[in-house]
Amino acid sequence: MTMHRNVVPPAPSAVAGPAETFRQAMRQFAGGVAIVTAGTGADRTGLTATAITSLSAEPSALVVCVNRSASAWPLILREQAFGVNLLAVGHVGLAKRFAGVDGVKGAARYEQGLWTRLETGVPVLADALAAFDCAVEEVFERHSHAVLIGRVRAVHAGLPGDPLLYWQGGYRSLAGSGDDWSPVVERLAAR
């Protein structure tokens, strides 16, 4: 059976080059924001990430993608552990700080926020929506990034709150913060 659909050709892209076109297209994918932490003491750093997902519940495992040029990468390899901290709307400042927006690097990134430790010793955010302490189980290096499979060693169920999202190159909340998303959320809830 052949199905016919009206297909509208895509508008010509205003951005030059396939990599930039890809980046612009991926900005349409909203993602939760997390801070990936690595290291201990004065030798610690971290990064802001959206490329994180659960792999399995039993055993509990996460998949995390990390750019191999990130300062956290060598620490994750050396220590074979990392933390994943799911951010709430009130953590925009920390998200920017760990993304390097203010130029702060290394252990100085931890001067803001309330940090604690779980099983492996990597820092986790005490008031995160949730924090996961992970041991590196496997690493796949592809292109500019490493895909980490982390076995969850401990979970810190944090404070309730609205998740911080990243969409169209900016931090957002389900309730709006910039573009008003609340009508979209209300329509989905009514279904």
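# Exercises on a predicted model

Arg97 and Glu111 form a salt bridge in this predicted model, and the closest N and O atoms of the pair are 4.0 Å apart. The pair links distant parts of the chain, since Arg97 sits in helix α3 (residues 92-98) while Glu111 sits in the loop between α3 and β7 (115-117), 14 residues apart. The exercises below start from this pair and then turn to other parts of the structure.

## Exercise 1: the two partners of a salt bridge

Task: decide for Arg97 whether the residue is buried or exposed, and do likewise for Glu111.

Solution. Step one is to recall the cut-offs, by which buried means under 20% relative accessible area and exposed means over 50%. Step two is to take Arg97, which has 7% relative accessibility and therefore counts as buried. Step three is to take Glu111, whose relative accessible area of 64% makes this residue exposed. The salt bridge thus joins Arg97 to Glu111, with Arg97 buried and Glu111 exposed.

## Exercise 2: salt bridges between elements

Task: find how many salt bridges the structure holds, and work out which elements are tied together by the pair Asp43 and Arg78.

Solution. The count comes to seven salt bridges in the structure. In one of them, Asp43 pairs with Arg78, and their closest N and O atoms are 2.6 Å apart. Because Asp43 belongs to strand β3 (residues 43-49) and Arg78 to helix α2 (residues 72-79), this pair ties together parts that are 35 residues apart in sequence. Asp43 itself counts as partly exposed, at 37% relative accessibility.

A further salt bridge can be followed in a similar way, namely the one between Glu137 and Arg151, where the closest N and O atoms are 2.7 Å apart. Glu137 lies in strand β9 (residues 130-142) and Arg151 in strand β10 (residues 145-157), so here the parts that are tied together are 14 residues apart in sequence. Both partners are partly exposed, Glu137 at 42% relative accessibility and Arg151 with a relative accessible area of 27%. The last step returns to Asp43, for salt bridges that share partners join Asp43, Arg78 and Glu79 into one network.

## Exercise 3: two residues of strand β10

Task: describe the surroundings of Ala146 and of Arg153, leaving aside neighbours up to four places away in sequence.

Solution. Begin with Ala146, which lies in strand β10 and counts as buried, at 0% relative accessibility. Ala146 touches Val64, Cys65, Val66, Arg68, Trp73, Val139, Phe140 and Glu141. The C-alpha atoms of Ala146 and Asn67 are separated by 6.3 Å, although these residues are 79 residues apart along the chain.

Continue with Arg153, which also lies in strand β10 but counts as partly exposed, at 42% relative accessibility. Its contacts are Glu119, Thr120, Asp133, Cys134 and Ala135. From C-alpha to C-alpha, Arg153 and Leu118 are 8.4 Å apart in space, and they are 35 residues apart in sequence.

## Exercise 4: the largest pocket and a nonpolar patch

Task: state which element gives the largest share of the lining of the largest pocket, and name the residues that make the nonpolar surface patch of about 370 Å².

Solution. First, the largest pocket has a volume of about 1,200 Å³, and of the 33 residues that line it, the closest to its centre are Thr48, Ala49, Thr50, Ala51 and His145. Next, the elements that give two or more residues to this lining are α1, β3 and β5 (60-67), and the largest share, five residues, comes from α1.

Helix α1 (residues 18-26) also holds Met26, which is partly exposed, with a relative accessible area of 43%. Together with Phe22 and Phe29, Met26 makes the nonpolar surface patch of about 370 Å².

## Exercise 5: the chain as a whole

Task: say how many helices and strands the protein chain has, and what share of its residues is buried.

Solution. The protein chain has four helices and 12 strands, and buried residues make up 35% of its 191 residues. Among contacts with a separation of 6 or more, 60% are between residues 24 or more positions apart. The accessible surface of the chain comes to about 11,200 Å², and 57% of this belongs to carbon and sulfur atoms.

Notes: Residues are numbered from 1 along each chain as its sequence is written. This is a predicted model: local features need pLDDT of at least 70, side-chain atom pairs count only at pLDDT 80 or more; totals for chains, interfaces and linings use all residues. Side-chain values use heavy atoms; hydrogens and water are left out. A salt bridge is a side-chain nitrogen of Lys or Arg within 4 Å of a carboxyl oxygen of Asp or Glu. Buried means under 20% relative accessible area, exposed over 50%, partly exposed in between (1.4 Å probe, protein chains only). Contact means heavy atoms within 4.5 Å. Patches are made of residues with over 30% relative accessible area and no salt bridge: like charges are joined within 9 Å, nonpolar side chains (Val, Leu, Ile, Met, Phe, Trp, Tyr) within 5 Å. Accessible areas come from the Shrake-Rupley method with a 1.4 Å probe; for residues, only the protein chains shown count as cover. On a 1 Å grid over the protein atoms alone, a cavity is a set of points where a 1.4 Å probe fits but cannot get out, and a pocket is an open set with protein on both sides within 12 Å along at least five of seven lines; lining residues have an atom within 4 Å of a point. Grid points are joined across faces, edges and corners, and a volume is the space filled by probe spheres set on the points.
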